[in-house]
Every structure is written in C-alpha cells, then in structure tokens.
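Subject: Structure for your files

Dear colleague,

Here is the structure I promised to pass on. My notes on it follow below the display.

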Amino acid sequence: MKFPFRLALLAVFSTGQALAADPQLPVAPLKEVAGLVKAENLKADIEKLVSFGTRHTLSSATDSKRGIGASRAWAKGEFEAISKQCGGCLTIMAPTDTVSGNRIPQPVEIVNVLAVQKGTTDPKRVVIISGHIDSRVTDVMDADHDAPGANDDGSGTAAVIEAARALSHKKFAATIVYAVLTGEEQGLYGGKLLAKTAQEQGWQVEAQLNNDIIGNVEGLNGKVDRDHFRLFSEGTRANETEAEIKRRRLTGGEIDSPSRNLARLVAELTGAVFPDFHAKMIYRADRFGRGGDQAPLQEVGFPAIRITEGAENYHRQHQDLRTENGIKYGDIADGVDIPYLTRMTQVNVVALADMAWAPAPPPEVKIDGAVSDDTTLIWNDTLGAAGYWARWRPTDQPAWESQRYVGDHQIVLKDWVIDDWAFGVAAVSPEGYVSPTTFAAAR
Ligand SMILES: [Zn+2]
C-alpha cells in the first residue's frame with residue numbers, strides 16, 4: 001500500500017489550535033446501555049453455574065444435571081432464550097475440537113458456546129467478550145469433587161451472558177461475539193479454539209475482552225477494594241516479524257501494541273462513563289506464572305486483553321472446599337460481590353457498544369517528519385468514519401495526552417517534532433464513538 005505525500009493538500013494545524021467541531025464522546029447512550037445490565041440476572045447466573053457441582057473439563061459431558069456438559073447446555077439455552085427476545089438476532093455456534101495434553105490424558109471434546117450478533121454495516125469486523133465456564137479445585141485433574149467456580153470463572157461467564165441480554169436489543173455496525181469458553185484450566189483450549197474459529201470465519205477481530213475472575217472485592221489481607229479493576233495487556237504484539245522488531249528497537253512502540261491501545265480505550269471509556277470506578281493499566285500480558293484465554297488470540301495477532309478484579313483472593317481460587325485453621329477455602333458464590341460484578345459487566349458493555357458503534361481503527365498509520373519541525377501522519381480511511389483523532393503524548397508517558405480532530409485521512413502537526421512524541425490515530429463515528437488508537441509506526 002502506497003501513501004503518497006502530497007504536502008500541499010494536507011490539512012495543516014498549528015500547535016495548540018483546536019477545531020470548533022470537535023466531536024464529544026456520547027456518554028449518555030453509553031450510560032443507557034450500562035443501565036441495561038441487571039444485578040439480579042448476574043446473581044441468578046452465578047447460582048445456576050454453581051449448581052452444576054463441577055464444571056471441570058473432564059467431568060461428565062452427558063449428565064443432565066452435573067458437570068461440564070450440563071453447564072454448556074445451559075449457556076446455550078440462555079443464548080437461545082435471549083435470541084428469541086430479539087427476533088432471532090443471535091446466531092448460536094458450538095465449535096468443537098478434540099484435544100489432549102499434559103492436563104488431558106485421554107482425548108476429550110472441547111466445546112465453546114458462541115452467540116454472534118451480526119453487525120449491520122461492517123459485519124466482518126468483530127468485537128468479542130469472553131469468559132470460561134470450566135472450573136477446578138486444588139488438583140487440576142480432579143473432575144469429581146465439587147468445583148463451584150463462582151468467581152473463576154462463573155463471574156466472567158455470567159458477564160458474557162448478561163452482556164448479550166443487555167446489547168441484543170440494539171443494532172451495531174460491527175459484529176459482537178459473546179463467547180463462553182471451555183478447557184481454560186486444562187491449557188487454554190477454549191481460547192485456542194476461539195482463535196481458530198475466528199480465523200476460519202474470516203473475522204477481523206478488533207478486540208477480545210477476556211473476563212476471568214472479575215467478581216471478588218476482598219484481598220487475602222482482608223482489604224476491600226470496590227473501586228478498581230485491572231487491565232492486563234501485552235506491550236508488544238506476540239506475532240511481530242523480525243523486521244518489525246528491528247524497526248521498533250529504533251523508533252519505539254514497546255508499550256503500544258494494539259492490545260495495549262485497546263486497554264487504553266477501555267480505561268478511557270471507564271473514566272468517561274464511571275468517574276468513580278478506576279481501571280489500573282497493568283503493563284503485563286497476565287499475572288506472574290498464570291495465563292488466560294486472551295493469550296491464544298494475541299498469538300495470532302488479534303488485539304486482546306485480560307480484564308480482572310483489583311484484589312484477588314487465593315483462598316477462593318482453585319481450592320478444595322474446606323475449612324482449615326478457621327479459614328474457609330473454595331470458590332463459592334458468597335465470594336462474588338454482585339454490585340462489583342455488575343459494574344465490571346457494565347464496563348464491558350460500554351466498551352463493546354462504543355467499539356461496535358465506532359468505525360474500525362485505521363489498520364496502519366504512517367508517520368514522517370525526520371529532520372523537520374513538523375510531524376505528518378497518513379492513514380487509509382476506514383468504513384463509517386466521520387473523522388479521526390490524531391493523538392500524541394510524550395514517549396515516556398502511559399496515556400494519550402493530546403489530540404486533534406481531523407476530517408481528512410492525513411494531518412501535518414506543525415511544530416510537533418517527530419522524535420519527541422508517540423503518535424497515533426483513532427477513528428470516530430458521526431455520533432462521536434471512538435475506536436482504539438493505532439500507534440503510528442515508522443516506515
Ligand atoms: Zn480463570
């Protein structure tokens with residue numbers, strides 16, 4: 001793709017100049033969709049998920065009441081019921097794979113349960129919310145004992161299903177996929193299968209919001225934190241080419257992968273819509289020694305983040321149900337704070353709605369301006385964009401600090417020296433919905 005420089009035709013703005021027509025993020029409709037999330041549904045779903053006894057990947061696939069099979073059938077039934085309410089707006093898929101590995105000695109069938117809400121104008125573009133329905137106790141191979149998995153990851157699964165209830169009555173430009181994944185605890189098999197499904201379907205995945213452990217507010221030390229959550233994102237893209245790595249070494253981008261800029265958007269939207277709820281940006285792909293279903297999507301180049309609670313309680317994760325020295329162990333429903341889970345689900349719904357209403361981010365932004373006083377950004381128009389935010393910040397700062405609206409697909413930032421700032425471009429819909437920002441990389 002060629003990006004001809006026709007400087008005479010470029011819009012030129014001087015430092016500090018703002019356009020009168022700058023679009024504003026439409027906070028009111030985003031608050032309205034957040035308001036569609038119902039705490040009582042989340043509570044009922046957590047209790048239902050716990051009622052399957054165990055949802056271990058190696059538990060019964062055929063028992064109608066207990067085990068992974070019954071829980072998957074319930075999730076599918078919920079999606080079907082939601083679809084009925086919106087005139088068949090969801091297509092339910094149940095892709096499968098037969099897998100084995102360290103934690104799966106005999107081949108077993110993995111089944112994801114997906115509900116697809118097709119976009120109206122840009123259906124190949126896909127935003128995904130995911131959680132994993134499988135659970136475990138202390139011994140990862142124990143498929144028999146009760147493994148309620150209320151928080152890990154009943155909370156994420158409930159958020160996925162409730163997001164479908166909330167958003168299915170609205171129409172969006174892009175497709176939204178609600179993904180209930182399995183096989184996470186045995187080796188991220190559901191995430192791998194989701195990546196495969198996305199590739200087979202030709203989905204242009206703009207975002208995966210992977211919700212894993214999102215409902216606890218009390219840390220091991222007893223401190224309660226209802227005001228924060230964490231966004232884990234990789235710093236650099238897992239599938240960078242050698243040439244891209246070389247270029248990044250010279251001109252930067254270590255904290256600007258598409259996943260990181262997706263996390264930045266989720267943090268910005270949270271700040272705009274829920275001023276009393278705060279995203280902590282964690283500059284790591286995941287917690288130490290632990291993983292999640294965002295990793296397989298990152299590995300094939302899709303922007304993906306892990307959304308998780310602010311303070312984890314390890315007595316309530318991956319534990320046999322028991323009381324020892326006065327301490328209660330186990331991932332029971334009491335460990336899920338429903339108001340907090342409701343807010344976490346609302347954050348997801350807001351981010352999905354914004355991105356599905358917004359245009360796609362520019363796939364690529366070219367930057368030029370070496371040995372000059374000005375910086376030039378050039379990108380291709382994206383479908384449905386009314387304009388773009390050119391954004392920048394000092395190279396050592398974490399969040400976009402400055403932005404300028406441009407109705408064109410190029411801009412010369414006069415008197416902004418290319419060497420001293422990190423630049424990017426986000427696409428904006430006519431209503432003001434904003435895409436994630438694409439980092440401007442050198443040629
Ligand atoms: Zn988990």
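Asp415 is a convenient place to start: this residue sits in the loop that runs between strand E18 (410-413) and strand E19 (421-428). Its phi is near 70°, a positive value in a residue other than glycine. Asp415 has a relative accessible area of 49%, so it counts as partly exposed; the cut-off for exposed is over 50%. Please keep in mind throughout that this is a predicted model.

Ile213 also has a phi near 70°, again a positive value in a residue that is not glycine. The loop that holds Ile213 lies between strand E8 (204-211) and strand E9 (228-232). With a relative accessible area of 2%, Ile213 is buried, because buried means under 20%.

Metal site

The model contains a zinc ion, and its donors are His132 through NE2, Asp152 through OD, and Asp212, which is listed twice through OD. The coordination distances run from 2.0 to 2.6 Å. Why is the arrangement of the four donor atoms irregular? The angles they subtend at the zinc ion range from 53 to 145°, whereas a tetrahedral assignment would need all angles between 85 and 135 degrees.

Along the chain, the donor residues follow the spacing H-x19-D-x59-D. His132 and Asp152 link distant parts of the chain, being 20 residues apart. His132 belongs to strand E6 (residues 122-132), while Asp152 is in the loop between E6 and helix H4 (154-167). Both of these donors are shielded by the protein: His132 counts as buried because its relative accessibility is 1%, and Asp152 counts as buried at 4%.

Asp152 has a further feature, in its backbone. The peptide bond that joins Asp152 to Asp153 is cis, with omega at about 0°. Asp153, too, is placed in the loop between E6 and H4.

Disulfide

How many disulfides does the model have? The count comes to one disulfide. The pair is Cys86 and Cys89, whose sulfur atoms are 2.0 Å apart. The torsion about their S-S bond is about -80°, so the disulfide is left-handed. Are the two cysteines buried or exposed? Cys86 counts as buried because its relative accessibility is 15%, and Cys89 is buried as well, with a relative accessible area of 17%.

Domains

The domain assignment gives two entries. Domain 1 is made of two segments, 7-27 and 363-442, and domain 2 covers 39-357. Taken over C-alpha atoms, the centres of domain 1 and domain 2 are separated by 32 Å. Domain 1 puts 18 residues into the contact and domain 2 puts in 21 residues.

The size of an interface is often given as the accessible area lost when the parts come together. Between domain 1 and domain 2 the buried area is about 1600 Å², and carbon and sulfur atoms give 56% of that area. Which residues of domain 1 lose the most area to domain 2? They are Tyr433, Pro436 and Phe439, and together they make up 31% of what the domain 1 side buries.

Two further residues

Gln106 and Gly190 are the last two positions in my notes.

Gln106 is placed in strand E4 (residues 104-111). It counts as exposed because its relative accessibility is 59%. Leaving aside neighbours within four places in sequence, Gln106 is in contact with Val99 and Ser100. Pro296 is 190 residues from Gln106 in sequence, and the two C-alpha atoms are 22 Å apart in space.

Gly190 is part of helix H5 (residues 189-201). Its relative accessible area is 0%, so Gly190 is buried. Not counting residues up to four places away in sequence, Gly190 touches Ile110, Asn112, Leu181, Thr182, Gly183 and Asp293. Gly190 and Arg230 are 40 residues apart in sequence, and their C-alpha atoms are 22 Å apart.

That is the end of my notes.

Regards

Technical notes. Residues numbered from 1 in each chain as written. Predicted model: local features only at pLDDT ≥ 70, side-chain atom pairs only at ≥ 80, totals over all residues. Heavy atoms only, no water. Donors = N, O, S within 2.8 Å, 3.2 Å for Na, K, Ca; no water. Tetrahedral: all angles 85-135°; square planar, octahedral: opposite > 155°, others 65-115°. Helix = DSSP H or I, 4+ residues; strand = E, 2+ residues; numbered from the N terminus. Buried < 20%, exposed > 50% of the residue type's maximum accessible area, 1.4 Å probe, protein only. Disulfide = S-S within 2.5 Å. Domains from an automatic or database assignment. Contact = heavy atoms within 4.5 Å. Buried area = accessible area lost by both parts, 1.4 Å probe.
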